[in-house]
Amino acid sequence: MAFLILLFVSAECGAQEYLTGFTAGAVNRAKTSANTTETVLELPFFDDFGAVSTYPDNSLWQNRAVFVNSGFPVFPTNFQAATFDALDEYGAVYERGSSSPFIADSLLSVAVDMSGFTPADSVYLSFFYQPQGRGDAPESTDSLVCKIGFYDKWNDTVKFVHLWSKSGVTLDAFLSEDSTHYFREVRMPIVDTSFFSEKVYLLFYNYASLPPAMYPNDRSNVDQWSIDYVYLAANRTSVSEGDRKMSFSEHAPSLLKRYTSMPYRQYKNNPTAVIATSVTTYIANLDTVTHQFVYDFAAEEIGGAWSFTQEDETDFLVADTLAEHKMTLRNFLFPFNNNRDTASFLVHHFVDPVDYQQADGDSLVTIQKFYNYYSYDDGVPESGYGVTPDESSFAVQFNASVPDTIRGVDILFNRTMNDANYNFFDIVIWGDNNGKPGSEIYRLTDQRPIWSDDEIYKFGYYEFPETVNVVGLFYVGIMQHESMTINIGFDTSEDNSEYNFYNVGYGWNSSSFPGSVMLRPVVGGDFHIGVAENDYLAGDVSVYPNPARDVFYVSSKTPVVSISIYDISGRLVKVENGCGKISVSELANGMYIVRIVDSEGQTYRKLSIER
């Protein structure tokens, strides 16, 4: 079942600005592993990749190479999808990578028991796919492949049979075949009697190809494909039956007009000027009939008593359609009359079908952050940015409505094969000159990219040896010393190009690339990013040990209904029912927020995972 889309995406190019693919910092190989326990599931097998982020659900999939996210896919069937690219599970370009097509990512399911079915039971496998998304288009010699395997007990091997493959193509060319569907459904009957056995496996993988070695700084992440809604079940048909569901597509928006995060003291100085007056999301009706729905919005302070709710008027969404939904917020402001330096708020979006007995609704959760930094990006870089030639500069505009001090800068640099972009650069702060960078205020010289081998998508922090005072418009950026692009992270899902500028020796120009440079000035007191300032100690619920390694426990005086774990970007990464021992061995090191619902209501606790 496919769905219609009512919007289109375009891109522009610039002459001396440069965009490349992305390769992330690695996660520690010693701390990750595939699902090594033999698991056998019964039909139906289903995954919409909405329950976890970063890595596939290990109760359904055996390996972790693909990236589960909402950044690369454009209007996915559900708000997240699984992206295949040229990176291994640790965020490094595959060592076997070459300019000729090579097998890159793979996604292998756990075993599925189909021994109780026959071809007469009308078993179908379906999934949705999209080439390129917001990333790099796979070449025509690249491809995405789907196979099905069955366990041959006589030879103790798994034999795979080719079911489907597609050659690489740009997203524009993909849409030219069907401009109404950003994700296209593949639906195939399972008729070979060999597959109706006790252990059947689904396998997806992609072929990728790197740019030639003569372009070393381009040899990073390329050739993206995304898949969604993998569904293997009996009693299906050859045509799209629809799904009794209304689903959010794309990630939740920031509730700030300009930033994804900003310092709380800057917000409190003039809240009405920076807060969004409306919220825009995208809702898909996956059913084959029209549904009437109600849209609900709610926000609550993490570690505080403030909350806000608003219900929109009922609306209709026709079958097999995805549409933009815009809600005007009435009398909405986050609190601004307190003495706190930082704050964060849990934001919920709900779509509830009026005829709930005929359709299921959906929810979308994010965290609105007021920490001690400015950011335009959502934390996921789909590309890389830089300028040429040597001694060129680029800068990002920020606004301090009250005087503040810059303590340092967070920057996410992309890693290339053999770290080809490990070059010197200066971090520079400029004042304003009629809406463009003006006089230089400060320069931190001779820096190099900072990467992490323990955490994917980790920003490197460049601390200034002295504080820098700013007020009003100011600009933070980089002067490159090498002729090759520096390849800084570039978030193409958040378009803030009006605040990006570059100078290749002939004065400052506005950027022509839609997106956000992943550079975050850190202001105020000591360096501090996270939710530690949002301790919520009231109530009778405790989480321990904290920090946790592989497990933690929840203790409550009243029965616990559910436990939800969100990462620092607000993505739901794990859901558990009941109370007691919770495994987090599959989660990466970092800060998380645990939402505990019991008979008295809901409570939030921060949880740190450290190994």
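The exercises below, each with a worked solution, explore a predicted model.

**Exercise 1. Determine where Gln130 lies, whether Gln130 is buried or exposed, and what its side chain meets.**

Solution. Begin with the secondary structure, where Gln130 is found in strand β9, which covers residues 124-131. Next consider accessibility: Gln130 has a relative accessibility of 1%, and because buried means under 20%, Gln130 counts as buried. Then look for a polar partner of the side chain, and one of its polar atoms turns out to lie 2.9 Å from the backbone oxygen of Val74. Finally, list the surroundings: leaving aside residues up to four places away in sequence, Gln130 touches Phe72, Pro73, Val74, Leu171, Phe174, Tyr182, Phe183, Trp225 and Ser226.

**Exercise 2. Describe the largest nonpolar core and the contacts of Phe332, which belongs to it.**

Solution. The largest nonpolar core has 66 residues, and the ones with the most contacts inside it are Phe297, Phe332, Phe334 and Ile488. Taking Phe332 from this group, and not counting residues up to four places away in sequence, one finds that Phe332 touches Leu255, Ile275, Ala276, Phe297, Ala299, Trp306 and Phe308. A second core, separate from this one, has 49 residues, with Phe45, Phe49, Leu107 and Ala234 among them.

**Exercise 3. Classify the ring pair of Tyr264 and Phe370, and state which parts of the chain the pair links.**

Solution. A search of the whole structure finds 45 aromatic pairs. In the pair of Tyr264 and Phe370 the ring centres are 5.5 Å apart and the planes stand at 45 degrees, so the pair is tilted. This pair links distant parts of the chain, since Tyr264 belongs to helix α2 (residues 264-269) and Phe370 to strand β22 (residues 362-370), 106 residues apart. As to accessibility, both Tyr264 and Phe370 are buried. Widening the view, ring pairs join Tyr264 and Phe370 with Tyr267, Phe297, Trp306, Phe308, Phe332, Phe334 and Phe345 into a cluster.

**Exercise 4. Find the rings over which Arg64 and Arg184 lie, and give the distances.**

Solution. Start with Arg64, which lies over the face of Tyr55, at 3.8 Å from the ring centre. Turn then to Arg184, whose charged end sits over the ring of Phe174, 3.8 Å from the centre of that ring. Phe174 has appeared before, as one of the residues that Gln130 touches.

**Exercise 5. Work out how strand β35 is covered and with which strands it pairs.**

Solution. Strand β35 spans residues 560-567 and is mostly covered, with 7 of its 8 residues buried. Its pairing with strand β38 (residues 590-598) is antiparallel and rests on 7 bridges, and here Asp567 has Tyr592 in β38 as its bridge partner. Its pairing with strand β36 (residues 572-577) is also antiparallel, over 5 bridges, and in this case Ser562 has Asn577 in β36 as its bridge partner.

**Exercise 6. Place Lys199 in the chain, and state how far Lys199 is from Glu42 in sequence and in space.**

Solution. Lys199 is located in the loop between β12 (184-189) and β13 (200-208). Its relative accessibility is 24%, so Lys199 counts as partly exposed. Along the sequence Lys199 and Glu42 are 157 residues apart, while in space they are 9.8 Å apart, C-alpha to C-alpha. Not counting residues up to four places away in sequence, Lys199 touches Glu38, Val40, Ala111, Val112, Gly149, Phe150 and Tyr151.

**Exercise 7. Locate the backbone features at Pro44, Pro389, Tyr229 and Asp446.**

Solution. Take the prolines to begin with: the peptide bond from Leu43 to Pro44 is cis, with omega near 0 degrees, and Pro44 is in the loop between β3 (40-42) and β4 (45-47). The peptide bond from Thr388 to Pro389 is cis with omega near 5 degrees, and Pro389 is in the loop between β23 (383-387) and β24 (393-411).

Now consider phi. Tyr229, although not a glycine, has a positive phi of about 50 degrees; Tyr229 lies in strand β14 (residues 225-233) and is buried, with a relative accessible area of 5%. Asp446, a residue other than glycine, has a positive phi near 50 degrees; Asp446 lies in strand β26 (residues 436-447) and, at 49% relative accessibility, counts as partly exposed.

Methods:
Residues numbered from 1 in each chain as written. Predicted model: local features only at pLDDT ≥ 70, side-chain atom pairs only at ≥ 80, totals over all residues. Heavy atoms only, no water. Helix = DSSP H or I, 4+ residues; strand = E, 2+ residues; numbered from the N terminus. Buried < 20%, exposed > 50% of the residue type's maximum accessible area, 1.4 Å probe, protein only. Polar contact = N/O pair within 3.5 Å; in protein donor to acceptor, adjacent residues only side chain to side chain. Contact = heavy atoms within 4.5 Å. Core = buried A, V, L, I, M, F, W, Y, C linked by side-chain atoms within 4.5 Å. Phe/Tyr/Trp six-rings, centres within 6.5 Å; stacked < 30°, edge-to-face > 60°. Lys NZ or Arg CZ within 6 Å of the ring centre and 35° of its normal. Pairing = 2+ DSSP bridges.
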